[in-house]
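Trainee: I would like a close look at one part of this model, the small sheet. Please start there, and then place it among its surroundings.

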Amino acid sequence: MTKALTGVRILDFTHVQSGPTCTQLLAWFGADVIKVERPGVGDITRGQLQDKPNVDSLYFTMLNHNKRSITLDTKNPKGKEVLTALIKTCDVLVENFGPGVLDRMGFPWEKIQSINPKMIVASIKGFGPGPYEDCKVYENVAQCTGGAASTTGFRDGLPLVTGAQIGDSGTGLNLALGIVTALYQRTVTGKGQKVTASMQDGVLNLARVKLRDQQRLAHGPLREYSQFGEGIPFGDAVPRAGNDSGGGQPGRILKCKGWETDPNAYIYFITQAAVWEKICDIIGEPTWKTHPDYAKPAARLPRLNEIFARIEQWTMTKTKFEAMDILNKDDIPCGPILSMKELIEDQSLRATGTVVEVDHPTRGKYFSVGNPIKMSDSPSEVTRSPLLGEHTDEILRQVLGFSDHQVAEIHDSGALDPPRKQAAE
Ligand code: CAO
C-alpha cells in the first residue's frame, strides 16, 4: 500500500528535538527523509543522555525513526556540490539551525530557490521576527517565553515547565502541517515557499486559554479559579492556577486509595454541570442536588475547595482505576494520573501502535512512541533510526546517480568523512 506522502523527498537538516519530530512525522506518512549530519559527529543527541556506552541514545533513536542518514560536510566545497545536487532532487528542506546558520553555510533562501524553484524551505526558530529573533532556544526557554510557565504551577510557587515538550514537539507538529499545506499549494502554483514556525508562537498558541483569561481579568475576577473561592484578589496578569481546569467545567486532581505511597494514585475529576446530580449521588450528598449553595454552577464557584474536598473523601476510598470505572458509567469526565511505567505497559496503546517496540542493531529492543495520527489508507510502521552515515553511499548512488568514480572522488575530498587521524597518533 502506498503512503500519503510516498514520492515526497525531504532534505532533513534538523537536529535535537523540534525539527526531528517534524521530519519523523513526515517519514511516518511515507516521505523519504534524508537526514544530513556532520561527519563523525552527527546529530548531537546521538551522544546525549546515553544509557548504554557507544550506542545511539534513546533521545536520538526515538526522534529519528524511518529516516536515512548521509554524512556531509556542507562547509567543504565538494560537500556544497553534493548539497546542491540534493536540493535539486528534494521537495522540502527542513532545518532548525540557530538563526543565520543556513545563510552562513552559503545557502540562503534566494540561492535555494534559484537551484530549485519548487523547493519548500521549512524552518523552526526560537522566535519570530522581533527583538529576540537572533536567539538560540531550547524547549524550556520556549515554555517560559510563550506564556506556559507563567501560568503553570501553584499561585504561591515558582513558574513551572511541563514535561510535555510543547515547545519542541509542539512546534514540530506546526511545521509538519505547514509543510504538507505548502506541498498542497504547490500542486496549484508549481512553486515552493518559505514555511517558518517559531517555538514562542507555538507555545503561546497552545496557551491560548490563558490569553483569553488575561482579557477576562479586565472585567472581574476569574471565578472558576480556586483563588476566587479563597478570597485572594487577582493581580494584573493571569495567575498560576494549580490544577484548576482551564475550561468552563471546574476540575481538580484528587487523591485516590494508596496516595500515601504511590505518587501517581490520583485522578482528575471534572464536575461537569450536566452530570452534577449523578456526582452528588455517588459521593453521598444527594441534598446538594437542590440546595441553593450547590445546585447551580454559579453558586458552586465560590465553594470549589469545599466541594472538591468532599469529592476527594470519596475518591480516596477507591483506586484511580475503580473510580474511573464507576464515574465513567455515569458519563462523569475523569482520568487517572497514569505513570510512564503504566503507559509503556499498556497493551491497548501497543495494539494501536501508539507505543511500539523497535529493534536496533547496536541497542537491541526498546520502546518508543509511534505515530499519534492514524490514517486508514496510510498506516505507519515504525522502523529503526539510521546509524550515522549508514546511507551515505546509497544516497549518492541511488538518489543522486553518482558513479563509483564520483563517489570515490567525493570521499577523497573529505566531504563525507571525519578528518583522518594522523598515522603517527
Ligand atoms: N556540515 C558542516 N557544518 C554543519 C553541518 C554540516 N553538515 N551541520 C551543522 N553545521 C554547523 C552549522 O553550519 C553551524 O555552524 P556556524 O555556527 O559556524 O554557522 C553549526 O553547525 C550549528 O549551529 P547551531 O546554532 O544550529 O547549533 P548549536 O548547537 O549551537 O545550537 C540550538 C543548537 C538548538 C540552540 C540552535 O540550533 C537553535 O536555536 N535552533 C532553533 C531553535 C530550535 O529548534 N530549538 C530546539 C532545539 S530542541 O530543544
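Mentor: Start with the sheet itself. It is an open sheet of three strands, in the order 7-8-9, and the pairing is antiparallel. Its edge strands are strand 7, residues 251-255, and strand 9, residues 334-336. Each of these pairs on one side only. From one strand to the next, the twist averages 20 degrees. Keep in mind that this is a predicted model.

Now look at one pair. Strand 8 covers residues 266-270, and five bridges join strand 7 to strand 8. The two run antiparallel. For a landmark, find Gly251: Ile270 in strand 8 stands opposite. As background, strands of a sheet pair through backbone hydrogen bonds, either parallel or antiparallel.

Next, the helix on this sheet. Helix 14, residues 320-329, lies across strand 8 and strand 9. Helix 14 runs at about 160 degrees to strand 9. Follow the chain into the loop between helix 14 and strand 9, and you find Asp331. What is the phi of Asp331 near? The value is near 60 degrees, which is positive, in a residue other than glycine. Is Asp331 buried or exposed? Its relative accessibility is 55%, so Asp331 counts as exposed, the cut-off being over 50%.

Go on to a pair of helices. Helix 11 spans residues 276-283, and helix 13 spans residues 304-315. Their axes come within 9 Å and cross at roughly 50 degrees. Helix 11 and helix 13 are therefore oblique to each other. Their crossing is left-handed. Helix 11 brings Trp276, Ile279, Ile282 and Ile283 to the contact. Helix 13 brings Ile307, Arg310, Ile311 and Trp314. By class, this contact of helix 11 with helix 13 has seven nonpolar residues, no polar ones and one charged one.

There is another antiparallel pair to visit. Strand 10, residues 355-360, is joined by six bridges to strand 11, residues 364-369. These strands run antiparallel. A hairpin of three residues links strand 10 to strand 11. Within the pair, Glu357 has Phe367 of strand 11 as its bridge partner.

Now set the six-strand sheet beside this. It is open, has the order 3-2-1-4-5-6, and its pairing is parallel. Strand 3, residues 67-71, and strand 6, residues 194-198, are the edge strands. Each edge strand pairs on one side only. Neighbouring strands here are turned by 20 degrees against each other on average, direction ignored. Strand 4, residues 92-95, pairs with strand 5 in the parallel sense over four bridges. In that pair, Glu95 stands opposite Ser123 of strand 5. Helix 3, residues 77-89, packs on this sheet. Helix 3 touches strand 1 (9-13), strand 2 and strand 4. The direction of helix 3 makes about 140 degrees with that of strand 1.

Two loop residues deserve a stop. The first topic is Leu49, in the loop between strand 2 (32-37) and helix 2 (58-61). Leu49 has a positive phi of about 55 degrees, although it is not a glycine. At 71% relative accessibility, Leu49 counts as exposed. Then turn to Lys136, in the loop between strand 5 (120-125) and helix 6 (139-145). Lys136 counts as exposed, at 71% relative accessibility. Lys125 lies 11 residues from Lys136 along the chain, and their C-alpha atoms are separated by 7.7 Å.

Finish with another helix pair. Helix 1 is residues 18-28, and helix 7 is residues 168-189. The axes come within 7 Å and cross at roughly 45 degrees. Helix 1 and helix 7 are therefore oblique to each other. The crossing of helix 1 and helix 7 is right-handed. From helix 1, the residues in contact are Ser18, Thr21, Cys22, Leu25 and Leu26. They meet Asp168, Ser169, Gly172, Leu173, Leu175, Ala176, Ile179 and Val180 in helix 7. By class, the contact of helix 1 with helix 7 has eight nonpolar, four polar and one charged residues.

Methods:
Residues are numbered from 1 along each chain as its sequence is written. This is a predicted model: local features need pLDDT of at least 70, side-chain atom pairs count only at pLDDT 80 or more; totals for chains, interfaces and linings use all residues. Side-chain values use heavy atoms; hydrogens and water are left out. Two strands pair if DSSP finds at least two bridges between them. Axes are lines fitted to C-alpha atoms, for helices over the stretch in contact, and angles run from 0 to 180 degrees between N-to-C directions. Contact means heavy atoms within 4.5 Å. Angles under 35 degrees count as roughly parallel, over 145 as roughly antiparallel, 65 to 115 as roughly perpendicular and the rest as oblique. A crossing is left-handed if the near helix is turned anticlockwise from the far one by less than a right angle, and right-handed if clockwise. Ala, Val, Leu, Ile, Met, Phe, Trp, Tyr, Cys and Pro count as nonpolar, Asp, Glu, Lys and Arg as charged, and the others, Gly among them, as polar. Buried means under 20% relative accessible area, exposed over 50%, partly exposed in between (1.4 Å probe, protein chains only).
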